[in-house]
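Trainee: Could you teach me how to read a model like the one shown here?

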Amino acid sequence: MPPPRRLLAHAYWILTAVLSAATIVMLLTYTPVEATMGPVQKIFYLHLPVAINTFVAALVVFIASIGYLWQRKMWWDDLAAAAGKVTVLFCAIVLLTGMVWGRSAWGAWWTWSPRLTFSLILFLLYVVYMMIRPSIEAPQRRAAISAVYGIAAFLDVPLVYLSVKMMPDIHPSSIALAPEMKLTLAAWFVPVTLTMAGLIATRFRLNRRLRAFEQHQAMTTETPAAANYMGETA
Amino acid sequence: MMAAFRQIVLMTGKDLRIEARGRQTISLVVVLGVLIIVVLGMGLGAGRPVTGFGATAILWVAYLFGGVLCFEKTMAVERNDDALAGLLLAPVDRGAIYAAKLLTNVILMFALAVVVTPVAILLFRFDLSAHPLGFALIMALGMIGFAAVGTLFAAAVSSTRLQGGLLAMLVFPLSLPVVIVSTQMMRRLFQEGEPLGGTGLATLLAFDVIFLVLSWIVFELVLEP
Amino acid sequence: MSRTAVQPIGSAVLESTPVVQVLSLGKVIDDRPILQDLSFEIARGRYVALLGANGAGKSTLLKVLATLIPPTHGQLLLFGRPLSRETTAFRSRLGMIGHGAMLYRDLSALENLVFFGRLYRVADPTARARELLEYVDLARRADDPVKTFSRGMVQRVSIARALMHEPDLLLADEPFAGLDAPSRRMLEQMLQRLHEEGKTIILANHDIEQSLALAEQALVLRAGRLIINGMTAGLDPDAVLAEVSGS
């Protein structure tokens, strides 16, 4: 990476780290402790921004998938792969924080409440997305199938939401937020969103470098001609 | 339009004729389905009657696994001897090829359901008498949506070398809404006596429409590199 | 795909329109250029041999010409018109024999032919199918499932399948592979007869001598590039072999 860009990246992450630290301090000192649940409730301020950002990352996968199928340029695939990784990571955090919350609020690590079930299914959807790539060798095939799944998975999300809402919800949770809480929540969105975007960008750049290396390999080594989709050599 | 419809019927007819010759796919799928029901029945149901809700979930497990096997096999027919190339060479809309495969899969899934459901009812003493048509409608809509997704991805992965398990992995999570909605609707219908609700049916229909349209559009793109 | 415009040559006079026109055609698969900058024309009624070593790009080129896979760069005109929405209509005018038979093994020869005939909307497909089975000398086995046939017989049914809709352009990808001598003879004669009937034939083949003997024109590929395009009468098999292997 050329020096100016590296400087920019460093500055970005330093800013994110500082904001994260600031919001954590804010959480510990400024934000009031919620009456019914106690200190554990504070995990909510991480949970909700991460949840929203999971959707944003999934949306990036969706858009990149469409982009690939439309233009057939490999960088769309690299972007989709990067966003997919971040989606899975963030979704795992949503799931875990949700479970911690649930344990504290209802005494059980797992309940089949709509929200937890939704997080679980979303997590599974995108874990599968990440599993596709290692299963297919041919780059164009891999990109095409991943793209189709990436589109299907995103379209599935509202359907999953509607379906889990039909499940019995024994533990509805709605918490009235005091103004300080709302402010904390808004503040937390900043470092979380920056992290999400930064992770996608970093992973994307890495994918591009990996692919450039693979392409160089393909061009310079004596290998038999690529098998086309009918499994025969040219 | 009519021409495309005729071609779809022609291609589905061809698939069903091949199936009728060997009866390979349908027998494998049905036996697998029944085995699953029996295994689950021994584990869950032995002795006490399982609720309608539970029976639906068990049926879905049988349909899911049987279905994936079915989709793999109907697509495999085209992979032998480059038969698919023969179809692609012809003046046939790629969407029509998808529709024909989907129709074949739906018919085979219905055949599976016709055999496996009575077995489940028998083993689990599930009482459908209250709303047999409601049950049939919910399951039919669900199976169509499941087949829509399954047909698309079966075509996508059938040309890759690593098949086994990949198709199931792709299709199961995407199909979860169908499983959840249909089991929940059954619960409301049979246990709580609520009439067939709007949301559930709407969700099932939305699932079917969304994935049918997506598959129709995208099918061509998964058939070529 | 680049949008360089190419005027279809002689489009007013159908008879003289080349069946195939290719300009700067390229195909990249998985970052590897399989076909590079191909430009050639094939006149109506020509019998063309497509030669080259394994991996030279013969199969890929045939598949592009058959509209099975789209080119990455360049332009392809079939029967004087570029590929577009009309691709489906083009397909009625071309037929292909490939590595795979493109048949359903569990169905009989007759059922296979009638199926494809109906797909191509051939009038009275059953009669045409029987006629073709006669032509390939398989009339007595019409109702037997294809899986009971020998390789040579399967190939003959495959040819019949390709001819059901009377295509103007026939593409053949190594049709002689795995055939015994009598079947090979029969196929050579069939192709010759089609050529005499005015069909355009593009035959991808390994056997250089055989190809130069059968065809009028030869296109030689090496590493995806066209290195020879000339009439076979003026070509020496040994020279062609040298070019093919790149020595």
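**Reading contacts, helices and strands**

Mentor: In the contact between chain A and chain B, 31 residues come from chain A and 30 residues from chain B, where residues are in contact if their C-beta atoms, placed from the backbone, lie within 7 Å. This is a predicted model, in which local features need pLDDT of at least 70, side-chain atom pairs count only at pLDDT 80 or more, and totals for chains, interfaces and linings use all residues. Residues are numbered from 1 along each chain as its sequence is written, while chains are lettered from A and ligands numbered from 1 in the order in which they are written.

Trainee: Which helix gives the most to the side of chain A that touches chain B?

Mentor: That is α5(A), with 16 residues; helices (H or I, at least four residues) and strands (E, at least two) are DSSP runs, numbered from the N terminus.

Trainee: How do I describe two packed helices?

Mentor: Two packed helices are described by the angle between their axes and the distance between the axes. Here the axes of α3 (residues 74-106) and α6 (residues 179-220) of chain A come within 8 Å and cross at roughly 135°, the axes being lines fitted to C-alpha atoms over the stretch in contact, with angles from 0 to 180 degrees between N-to-C directions. That makes α3(A) oblique to α6(A), since angles under 35 degrees count as roughly parallel, over 145 as roughly antiparallel, 65 to 115 as roughly perpendicular and the rest as oblique.

Trainee: And how are strands arranged in a sheet?

Mentor: Strands of a sheet pair through backbone hydrogen bonds, either parallel or antiparallel. In chain C, an open sheet of four strands has the order β2-β1-β4-β5 with antiparallel pairing, and strands pair if DSSP finds at least two bridges between them. β2 (32-42) and β5 (81-82) of chain C stand at the edges, each with a single partner strand, so one side of each lacks a neighbour in the sheet.

Key:
Two residues are in contact if their C-beta atoms, placed from the backbone, lie within 7 Å.
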